[in-house]
Amino acid sequence: MKAVVQHLSNLIRIPSPSFLSNRPIIDYAVTALHKAQWHTRQIIYRDAAGVEKVNLIAAPPHQDPDDTTAELALMCHTDTVPYSADWPEALEPLLADGLLHGCGACDVKGFLACLLTSIAESDPSTLIDGLRLILTADEEIGCVGAAHLVASGLIQPRRVVIGEPTSLHPARVGKGYCLAEVTVFGEEAHSAHPQKGKSAIYSAARLVTAIEEYSSLLAEEQHPFFSPSFTTLNIGTIQGGTAKNIIPGRCRFQLEWRPIPGQAGDTVPAAVLKIADTLKRADPNFQCDFKILRQQTGFESPASSKLVRSIEAITGRAATSIPFGSEAGLLAPLAEEVIVFGPGDMKTAHSSRECVPLDELDEAVLCLQSLITRG
Ligand SMILES: [Zn+2]
């Protein structure tokens, strides 16, 4: 069996949904890296449930993982989403029709297997200076591990490749991901006497309608590299009231938006707060609270950047954009160039259809070998 397929099969067999410790995946990678004489440094934290999580920085022989500056960092996460109960083979790698199936096959153990293979198969004396491998925990629950790593100040890479399935296209732009919880307050009363209270649901309905009208204005700021080419917005959940015969005292909804890169970070929050102000002017008793839960910006590397050009040349595939969230938004403020790249298609990820084409694994190994030896 080819080394990359062997690595990926071994990695799939190690369960690593985010609620578990990622220690076993890190240990597996460390064993492979030490075999190639690489140096490793572990940065450990405990998650909200007290579970040990590990970020890893690794450097080739004769390079120091404690040196925070890096010329090129290859980065990927070590966790997967939880696999559903009706996928009993999630941890049993299955080869069929040129595809390798299993949980994490493309998101993103496939890329990790390619990294470990390309490192093992490269002569250490040919590796570029300032090369780092970075493995993170807890990407699937909001890039928590990467946020820890960035906050630690232990990495200052000039160029970064983040492993995610892009069918081997270098993705040079990506939208951000933001989430807020909005709570609208009213006053409870017996529903036979509506005038004694104030309906939080009626107030929330006015706010939701105004936000929907505002969302169409977002199309005025375009980024043609995306489809859709503008910041999108969604109210995905709403809850309010406690009983059919009580005037509702509270209504809460979740507002999610995916900003195009380059848009000011407070564009959507400022617009929503302005709408709330307008509603309050019309009704002094209107009251709401806007709490941002996540605010991750997008990223954009120029079409002419070295990484984009190199990967386009090696793979023969054109640069693209990605519609999904990734750690790129966290690294973009630190690095001159960030791209997302990897074997497989995100459309199969987060489902029991998850798989990766074997020929893309082989191609990714060659591409990574070229990057780590020629830059
Ligand atoms: Zn991923």
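Author: Buried means under 20% relative accessible area, exposed over 50%, and partly exposed in between, with a 1.4 Å probe and protein chains only. By that rule His77 is buried, and so is Glu164. This is a predicted model, in which local features need pLDDT of at least 70, side-chain atom pairs count only at pLDDT 80 or more, and totals for chains, interfaces and linings use all residues. Residues are numbered from 1 along each chain as its sequence is written, and side-chain values use heavy atoms, with hydrogens and water left out.

Reader: What makes His77 a donor residue of the zinc ion?

Author: Donors are N, O and S atoms within 2.8 Å of the metal (3.2 Å for Na, K and Ca), and sites may look incomplete because water is not among the atoms. The zinc ion is coordinated at 1.8 to 2.7 Å by NE2 of His77, OD of Asp107 and two OE entries of Glu164.

Reader: Why is the arrangement around the zinc ion called irregular?

Author: Four donors count as tetrahedral if all angles lie between 85 and 135 degrees; four count as square planar and six as octahedral if opposite donors are over 155 degrees apart and all others between 65 and 115, and anything else is irregular. Here the 4 donor atoms subtend angles of 52 to 147°, which makes the arrangement irregular.

Reader: Why is Ser122 called buried?

Author: Ser122 counts as buried because its relative accessibility is 9%.

Reader: What does the side chain of Ser122 reach?

Author: A polar contact is a pair of N or O atoms within 3.5 Å; within protein, one must be able to donate a hydrogen and the other to accept it, and residues adjacent in sequence count only if both atoms are side-chain atoms. The side chain of Ser122 reaches the backbone oxygen of Ser118 at 2.6 Å.
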